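I opened the model to look at a few sites and helices. These are my notes, in the order I took them.

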Amino acid sequence: MAELAKAVVEKKQVPDIIVNNAGTINKNNKTWSVPAEEFDTVVDTNIKGTANVLRHFIPLMIEKKHGIIVNLSSGWGRSAAAEVAPYCASKWAIEGLTRSLAKELPPGLAAIALSPGVVNTDMLNSCFGSSASLYQSTEQWAPKAATMILSLGLDDNGSSLTV
């Protein structure tokens, strides 16, 4: 991430919008049966991965005095489900991280937690099995998400929204 941030600065292309879409999920399992390595992978990807992007790009946006940070959360970051506790916990963390970040940002920057809603992905399929196909495809979801993300502004700072 440090190398990417350096390359962005060298090309004078600091982004106006960052979409932090870090996401992996554990295999369905009771909390106490999730192997430690698997739990760590979920936390390392979903929480630490998001924080790593913030660590390298927010200073650039602060210098530019402008930027929207969108951290992808989940409906399960605002509720809970059995057998995916590590994932739920990590997305609850993203909600809290984003709200705290929103209070720290200077004028001109905003942080928003965004739940994609229920989308038919490999991740959903791992939890829902064949019933995942009942939900919108990524191809259906992407234009709606892009339109929404591009319409976000400073007034949305600290919000938890859903596509």
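**L114.** I started with L114, which sits in strand 3. The model is a predicted one, which I keep in mind throughout. Is L114 buried or exposed? L114 is buried: its relative accessible area is 1%, and the cut-off for buried is under 20%.

I then listed its contacts, leaving out residues up to four places away in sequence. L114 touches V70, N71, L72, S73 and R78. The list goes on with M148, I149, L161, T162 and V163. I checked the R78 pair by C-alpha atoms: L114 and R78 are 11 Å apart in space and 36 residues apart in sequence.

**Helix 2.** Next I looked up helix 2, residues 36-64. It has 29 residues and spans 41 Å from first C-alpha to last. The expected value at 1.5 Å a residue is 42 Å, so I noted the two as close.

Where does helix 2 bend? I found a bend of about 35° at F57. A proline, P59, follows within four residues.

I listed the buried residues of helix 2 as V42, N46, T50, V53, L54, F57, I58, L60 and M61. F57, the site of the bend, is thus among the buried residues. What covers them? The cover includes helix 1 (2-10) and helix 3. It also includes strand 1 (17-20), strand 2 (67-72) and strand 3 (109-115).

The spacing of many such positions has a general background: an α-helix has 3.6 residues a turn, so residues three or four places apart point the same way.

**Loop residues.** I followed helix 2 to K65, which comes after it. K65 lies in the loop between helix 2 and strand 2. Its phi is near 65°, a positive value in a residue other than glycine. K65 is exposed, at 64% relative accessible area.

I moved on to the loop between strand 2 and helix 3, where I found E83. E83 also has a positive phi, near 70°, and is not a glycine. Its relative accessibility is 30%, so I logged E83 as partly exposed.

A80 has its place in the loop between strand 2 and helix 3. A80 is exposed, with a relative accessible area of 61%. I took its C-alpha distance to W92: 9.2 Å, with the two positions 12 residues apart along the chain counted as their separation.

**Helix 3.** Helix 3 covers residues 85-104. It has 20 residues and reaches 28 Å, close to the 28 Å expected at 1.5 Å a residue. Its buried residues are P86, Y87, C88, S90, K91, I94, E95, T98, L101 and A102. K91 and E95 are on that buried list. The buried residues pack against helix 2, helix 4, strand 2, strand 3 and strand 6 (160-162).

**Largest pocket.** I ended with the largest pocket, which holds about 530 Å³ of space. How many residues line it? I counted 23, with Y87, P116, G117, T121 and M123 nearest the centre. Y87 also appears among the buried residues of helix 3.

By class, the lining has 13 nonpolar, nine polar and one charged residues. Which helices each supply at least two lining residues? They are helix 3, helix 4 (122-128) and helix 5 (138-151). Helix 4 gives the largest share, four residues.

Conventions:
Residues numbered from 1 in each chain as written. Predicted model: local features only at pLDDT ≥ 70, side-chain atom pairs only at ≥ 80, totals over all residues. Heavy atoms only, no water. 1 Å grid on protein atoms, 1.4 Å probe; cavity = no way out; pocket = protein on both sides within 12 Å on 5 of 7 lines; lining within 4 Å. Points joined across faces, edges and corners; volume = space filled by probe spheres on them. Nonpolar A, V, L, I, M, F, W, Y, C, P; charged D, E, K, R; others polar. Bend = angle between axes of the 7 residues up to and from the residue. Buried < 20%, exposed > 50% of the residue type's maximum accessible area, 1.4 Å probe, protein only. Contact = heavy atoms within 4.5 Å.
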